Amino acid sequence: MTDLSQPVAAAESEAQPAGVAPPLWLLAELTYRCPLHCVFCYNPVNYTDHSSELDTAQWIDVLREARALGAAQLGFSGGEPLLRDDLEVLVSEARKLGFYTNLITSGIGLTDKRLDALKDAGLDHIQLSFQDSTQELNDFLSSTRTFELKKRVAEAIKAHGFPMVLNCVLHRYNLPHVDKIIDMALAMGAEYLELANTQYYGWAHTNRAQLMPTAEQLKEAEAVVERYRREIGERCRIFFVVPDYFERRPKRCMNGWGSVFLGIAPDGAALPCHTARSLPGLTFPNVRDISLREIWYESDAFNRFRGFDWMKEPCRSCDEKTIDLGGCRCQAYLLTQDPANADPVCDKSPHHESVIRVVRAAAAREANEQPVLFRNDANSRRLAATHDDDDPTQGTRK
Ligand code: FES
């Protein structure tokens, strides 16, 4: 496996001959704490190993530095960002700095009082997650009784005049409900609906056998989405995030490593993608220790997969490498144990069979033999204690 503990030189890439462009999108993961226990959460399965959180002043420094670097879009996420009682202070600071701000939330804790305060602070946009259009499945997948509450929160968001994205992660359990999920978004007045097929990282990777849909389910869901798009026009824009295990070319993950995305984890670790912490050997710089400017331009972690020099064959000589940039580093690691390999979603990858096997198993309905594993502190501690030290994304059920 490629040894990520050995530093690389700062990037001089063909893609960015004039140097590295500044980050555009800052994701502030304010906390890993969450009232929900979703089986597909992308947070690290060993999130309990990273329980410290930046304080308000440290987050404000992050916002100022990121804005000075050029970041313009800001997502407040988690865990559940509403569990931070300084959220309004941070939103207000972000507004003053000129960020476009988005709150990415389960809705739990989003009272009228907080909506008023967030409006006053200048929040631009809210993304509210649902797990399904039915109470039964919504509550099962999050291991909470929150469906009715979420519906009331959606109403309150609209009553306060916020533009709203409804987000629903799709998988084999709820793909047959796509029409009902769209109806729900329309009834709630959402301006956007993000139907995000599960990406298999973090807890979703642990529960992959249970969540993986069949190709038929996906085809039917896509046809439903297309029909609705024709019928509703601009009333609600529907984004359908494709399930890459069913593709033949990988996604251009994060639009390139260290290209536009800068994530800050609750403890201050700076991440080039949401799930980069799963890559063994890579040390992520912390905003408590060095400036964001040094992190973005000079750190080994952010330079590691910039450009093309890191690529192995078949990516290195591939005439499509400028399109997909070799795909996703985290997926390459999860499926081939080497993050410098081609993303095996690509059918030119010698490891493509590892993707086909998973899809075939889903078609043969070999899943569901094990119960799903919910994201909670007890499971996180157990997985952190039992995983192979080199692979914190993996765990065994006991
Ligand atoms: Fe980490 Fe794709 S999710 S590079």
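**Exercise 1. In which loop is glutamine 337 found, and what is the sign of its phi?**

Start with the place: glutamine 337 is in the loop between α13 and α14. Helices here are DSSP runs of H or I with at least four residues, strands are runs of E with at least two, and both are numbered from the N terminus. Next, the backbone: phi of glutamine 337 is near 65°, so we have a positive value in a residue other than glycine. Last, the surroundings. Glutamine 337 counts as partly exposed because it has 14 C-beta neighbours inside 10 Å. The cut-offs go like this: 20 or more other C-beta atoms within 10 Å of a residue's own make it buried, 12 or fewer make it exposed, anything in between is partly exposed, and the C-beta atoms are placed from the backbone.

Two housekeeping notes. Residues are numbered from 1 along each chain as its sequence is written. The model is predicted, so local features need pLDDT of at least 70 and side-chain atom pairs count only at pLDDT 80 or more, while totals for chains, interfaces and linings use all residues.

**Exercise 2. Is leucine 325 buried or exposed?**

First find it: leucine 325 sits in the loop between α12 and α13 (329-336). Then count: 26 other C-beta atoms lie within 10 Å, so leucine 325 is buried. While you're there, check its phi, which is near 55° and positive, in a residue other than glycine.

**Exercise 3. Check the length of helix α14 against its expected span.**

The rule is 1.5 Å times one less than the number of residues. Helix α14 covers residues 352-363, twelve of them, so the expected span is 16 Å. The end C-alpha atoms are 17 Å apart, which agrees. Just past α14, arginine 365 has a positive phi of about 55°.

**Exercise 4. Where are the cis peptide bonds at glycine 79 and proline 314?**

Take glycine first. The bond joining glycine 78 and glycine 79 is cis, with omega about 10°. Glycine 79 belongs to the loop between β2 (73-77) and α2 (87-97). Now proline: the peptide bond from glutamate 313 to proline 314 is cis too, with omega near 10°. Proline 314 is placed in the loop between α11 (300-303) and α12 (321-324).

**Exercise 5. Which residues are in contact with cysteine 34 and with cysteine 38?**

Begin with the record: an unreviewed UniProt entry lists Cys34, Cys38 and Cys41 under "binding site". UniProt positions follow the numbering used here, feature names are shortened, and annotations may be inferred rather than shown by experiment.

Cysteine 34 lies in the loop between β1 and α1, and cysteine 38 lies in the loop between β1 and α1 as well. Cysteine 34 counts as buried, with 23 C-beta neighbours inside 10 Å. Cysteine 38 is buried with 23 such neighbours.

For contacts, ask whether two C-beta atoms, placed from the backbone, lie within 7 Å. Set aside neighbours within four places in sequence, and cysteine 34 is in contact with Gly78, Gly79 and Glu80. So the list includes both glycines of the cis bond between glycine 78 and glycine 79. With the same neighbours left out, cysteine 38 is in contact with Gln131, Leu141, Ser142 and Arg375.

**Exercise 6. How many residues of domain 1 are in contact with domain 2?**

Bounds first: the domain assignment gives domain 1 (23-244) and domain 2 (251-362). Such bounds come from an automatic or database assignment. Their centres, taken over C-alpha atoms, are 23 Å apart. At the interface, 32 residues of domain 1 are in contact with 26 residues of domain 2. On the domain 1 side, β1 (25-29), α1 (56-69), α7 (202-206) and α8 (208-211) each supply at least two residues. That side divides into 19 nonpolar, eight polar and five charged residues. Nonpolar means Ala, Val, Leu, Ile, Met, Phe, Trp, Tyr, Cys and Pro, charged means Asp, Glu, Lys and Arg, and the others, Gly among them, are polar.

**Exercise 7. What radius of gyration would a compact globule with 398 residues have?**

Use 2.2 Å times the number of residues to the power 0.38, with the radius taken over C-alpha atoms. For 398 residues this comes out near 21 Å; the protein has 20 Å, which agrees. Along the principal axes, the C-alpha atoms fill a box of roughly 50 × 50 × 45 Å. Buried residues make up 47% of the 398.
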